[in-house]
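Here are a few short exercises, each with a worked solution. Grab your viewer and follow along.

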Amino acid sequence: MTEFPTGGGPPIYSNDPGGHKANHDVNEQKLHREGPLGLWREISDMVIAVGVIALIIGVIMWIS
C-alpha cells in the first residue's frame, strides 16, 4: 500500500478555469468583507480573552 506524505491522498489538479476564478472571487470577497488576518486581530482577540478570564477571577474573588 502506498502512503502519501500528507496523508490526504494524491494532489488534485483542476483544469477548470471557471472553478478557479469562482474560488478566487469568493476569497477576494471574503478578504474585502473581513480584512486580512494579522497581528492586530490576534492581539485584540488575546486582550479580550485575558479580560474575560480576569473578570471571571475577579468575580470569584469578590464572592469568596
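**Exercise 1.** Find the residues that make the nonpolar surface patch of about 480 Å².

*Solution.* The patch is made by Leu 39, Trp 40, Ile 43 and Val 47. To qualify, residues need over 30% relative accessible area and no salt bridge, with nonpolar side chains (Val, Leu, Ile, Met, Phe, Trp, Tyr) joined within 5 Å and like charges within 9 Å. Areas come from Shrake-Rupley with a 1.4 Å probe, and for residues only the protein chains shown count as cover. This is a predicted model, where local features need pLDDT of at least 70, side-chain atom pairs need 80 or more, and totals for chains, interfaces and linings use all residues. Numbering runs from 1 along each chain as its sequence is written, and side-chain values use heavy atoms, leaving out hydrogens and water.

**Exercise 2.** Place Leu 39 in a helix and classify its exposure.

*Solution.* Leu 39 sits in helix H2, residues 39-63 (helices are DSSP runs of H or I, at least four residues; strands are E, at least two; numbering is from the N terminus). Its relative accessibility is 59%, so Leu 39 is exposed (exposed is over 50%, buried under 20%, partly exposed in between; 1.4 Å probe, protein chains only).

**Exercise 3.** Work out how Lys 21 and Asp 25 meet.

*Solution.* Their side chains form a salt bridge at 3.1 Å, N to O (Lys or Arg side-chain nitrogen within 4 Å of an Asp or Glu carboxyl oxygen). Lys 21 and Asp 25 are about one helical turn apart because four residues separate them in helix H1 (residues 17-34).
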